[in-house]
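Student: Could you take me through the aromatic rings in this structure, close up? I'd like to see how they pair and where they sit.

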There are 4 protein chains.
Amino acid sequence: MARTRDEAARRRVLDSARDLVSRRGPRAVTVDDIAAAAGVGKQTIYRWWPSKAAVIMDALIELTDPARDDLPDTTYEAVRVQMRRVAVMFGSRNGELIRELVADSQGDAALAKDFRERFFGHRRARGAATLERGIASGELRPDLDIDDALDVLYGPLWLRLLIGHRRLGRAGADEVLAVVWPGLQNQPG
Amino acid sequence: MARTRDEAARRRVLDSARDLVSRRGPRAVTVDDIAAAAGVGKQTIYRWWPSKAAVIMDALIELTDPARDDLPDTTYEAVRVQMRRVAVMFGSRNGELIRELVADSQGDAALAKDFRERFFGHRRARGAATLERGIASGELRPDLDIDDALDVLYGPLWLRLLIGHRRLGRAGADEVLAVVWPGLQNQPG
Amino acid sequence: MARTRDEAARRRVLDSARDLVSRRGPRAVTVDDIAAAAGVGKQTIYRWWPSKAAVIMDALIELTDPARDDLPDTTYEAVRVQMRRVAVMFGSRNGELIRELVADSQGDAALAKDFRERFFGHRRARGAATLERGIASGELRPDLDIDDALDVLYGPLWLRLLIGHRRLGRAGADEVLAVVWPGLQNQPG
Amino acid sequence: MARTRDEAARRRVLDSARDLVSRRGPRAVTVDDIAAAAGVGKQTIYRWWPSKAAVIMDALIELTDPARDDLPDTTYEAVRVQMRRVAVMFGSRNGELIRELVADSQGDAALAKDFRERFFGHRRARGAATLERGIASGELRPDLDIDDALDVLYGPLWLRLLIGHRRLGRAGADEVLAVVWPGLQNQPG
DNA sequence: TCTTAATCGAGACGGTACGTCGTGTCTTGAG
DNA sequence: CTCAAGACACGACGTACCGTCTCGATTAAGA
């Protein structure tokens, strides 16, 4: 019976958030900025998102949800392409957003959960699918624990993103894979 | 002519910071809180540390600098013990401090550098030493890149600390090592 | 052709406004409160009243519009009775409503005009009638300016209402009249 | 031992408040405006004043505290001059401030008290002194109640200020005094 | 009797100001 | 010069209330 949520306002908020964040970095954007840029009252933001970080996360998810599935045939190559894409994204402007969201997640359990489920979990599922295919095809060890494998493959990339001790990029992904692969493949000989 | 630094004040600041942070979590502690608890003027804190996070980092380093070197003889066992110690620490109260410091490091380049050099780098050097010993003894591949290996071994643990998608602990360390080891050892056959 | 105004809604709004204001004081009542209590949409309020204060004024006028005309015969006594009624009302719950309306009138010209004409003016006309009768009967000076006299008689009561420096009540009205009367009556000697 | 209140900041706040209010009217001035104009943090305002109205009242008191005592010799003339000054002030820019403060006082007991004691009471004391002198000199009735007399003399002026039903100004003051005087003077004959 | 348009309850909306919080700097008076 | 205390400038926060708007449902007059 009551007025329904204004979808246009939602869009303007997310678009403005994305624009502002990519122009000034997430640290330099305030809720007031987003509201002003979106032509929206601050209350409207707080009505639908619990925090600035939640808005930015929604924007990020829209930005990085291409769901491209054009992967090579062999598992090794497929994993390599997926890792490279992650490494490249981590090294891009979006990497900064992700770092910021992980930072905000420390000490905000709800945001952490949301991040884990909606961003991290979603991408992880895609990595898992590749590994499962690899097991099914016999390219990967049949007793491989998918979660362990994913941690080992992507953990190093996250580490570089968050600590910044080494460069990210295609080469980084390849190095990690080279070290890890022997532990994953079916016939090490 | 000038008065010298009050060492007792430094101690009270670090002790209070540690106490407050471990009692209320790092997010809920302000500089004023630390100053009040330490019976110290805020200026005294800012005279010697650049930010709240720097204080906490000093406290953390004090807490986690045991420098125990009682490692087993074989490289596999030595790495395993080191990884377990890290995983256990990540799962303890100190893990929360570390998460907070990583969070604060995003968007504070000076702190990030400090964290990288004083906490991360220091511990990494110990891990590197173990791997170097393993190469020298022939247990590890002679062409192994130490940095890559360290990222692969410890990245998964950091990932779990910062994302919280899986438990930390001795078992977690062992799982990671089991997957990674084939890529590190000298003669996989 | 069109639907007509819902009289029941009007009643519920005024009743709820009165109830809320007398229970919580006028300052602590919002338009949303009134709408919720009346089971009415906010738009319905704004369709028929220009502001919250206008609603309260309508409620006040309903409350204080007895139009009793049972006044004593002599002008002195009639004025005294009228002043006492005003003083008593000012000291009652309704006094608080009036204070609030005067307050809201500062800085809201339309409300001020409305208040002046519908509440203030209406009651003032009754006071004027009494004085005019007194002039006609020879009890009051024939050259008396009615408006000046009304200001002098009722100004002190309004002052006490709005500044709160002294008590209101029957005795207050009598004191004022005692001081003022010599300036009003026809033959002071 | 601690830093003391910054008197210069206090001055800047009051000056800015006065300037802004006299340029834009009290309704259109916000605490942020005052803080910005004074080059002061909002916190500094809230540290020393409970509300915007309290700031404005302080400024008002400074503005209207001339304490001129150059009054004529006869009591009638002295009262007339004092009333005229009040009427003129009520009709000036400051009148608007006073109206606003009275408005804010309804529903803010602390402010009301402050206004009563510091602004209203202070000026009332001066009026009382004049009447007391008049009693002592025999010009006024020896049994005159000072408070009643003051209410009767000034109540009409306040009424015009706050209701706005009639003009303020020198003439208004004279009219009131003309009506009231017979009730005050010693020998009505 | 069906149409049609204004009404209703509900509540989301844009906007403005609020008062609070935390940071890092500055000032005071004591040692 | 250092210290404890705490006032300061600044900037962002999240809340409150206002008056407008949009929805779907209801209701009464006019076709």
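Tutor: Happy to! Let's begin in helix H7 (residues 109–136) of chain C, where C:Phe115 and C:Phe119 are four residues apart and so are separated by about one helical turn. This is a predicted model, so please read the values below as computed from it. The rings of C:Phe115 and C:Phe119 form a stacked aromatic pair, with 5.3 Å from centre to centre and 25 degrees between the planes. The pair counts as stacked because the planes are under 30 degrees apart. Both partners are hidden from solvent: C:Phe115 is buried at a relative accessible area of 3%, and C:Phe119 is buried too, at 2%.

Now look at chain B for another kind of geometry. There, B:Phe115 and B:Trp158 have ring centres 6.2 Å apart and planes at 85 degrees, so this pair is edge-to-face. The two rings come from distant parts of the chain, 43 residues apart: B:Phe115 belongs to helix H7 (residues 109–136) of chain B, and B:Trp158 to helix H8 (residues 146–163) of chain B. B:Phe115 is buried, with 2% relative accessible area, and B:Trp158 is also buried, at 6%.

In chain A, try displaying five side chains together: A:Phe90, A:Phe115, A:Phe119, A:Phe120 and A:Trp158 form one aromatic cluster. Over all chains, a search of the whole structure gives 20 aromatic pairs.

Some rings have a charged neighbour instead. In chain A, the charged end of A:Arg5 sits over the ring of A:Trp49, 5.2 Å from the ring centre. In chain C, C:Arg5 lies over the face of C:Trp49, at 5.4 Å from the ring centre.

Finally, helix H8 of chain B, which holds B:Trp158, leads us to the interface with chain A. H6 (93–105), H7, H8 and H9 (170–184) of chain B each supply at least two residues of the side that touches chain A, and H8(B) gives the most, with twelve residues. In total, 33 residues of chain B are in contact with 35 residues of chain A. The area buried between these chains is about 3100 Å², and carbon and sulfur atoms give 63% of it. B:Gln106, B:Ile163 and B:Val179 supply 22% of the area that chain B buries against chain A, more than any other three residues. The interface also has eight salt bridges. To see a salt bridge in detail, zoom in on the side chains of A:Arg166 and B:Asp148, which meet at 2.8 Å, N to O.

Terms used: Residues are numbered from 1 along each chain as its sequence is written. Chains are lettered from A and ligands numbered from 1 in the order in which they are written. This is a predicted model: local features need pLDDT of at least 70, side-chain atom pairs count only at pLDDT 80 or more; totals for chains, interfaces and linings use all residues. Side-chain values use heavy atoms; hydrogens and water are left out. Rings of Phe, Tyr and Trp (its six-membered ring) pair if their centres lie within 6.5 Å; planes under 30 degrees apart count as stacked, over 60 as edge-to-face and the rest as tilted. Buried means under 20% relative accessible area, exposed over 50%, partly exposed in between (1.4 Å probe, protein chains only). A charge sits over a ring if NZ of Lys or CZ of Arg is within 6 Å of the ring centre and within 35 degrees of the ring normal. Contact means heavy atoms within 4.5 Å. Buried area is the accessible area (1.4 Å probe) that two parts lose on being put together, summed over both. A salt bridge is a side-chain nitrogen of Lys or Arg within 4 Å of a carboxyl oxygen of Asp or Glu.
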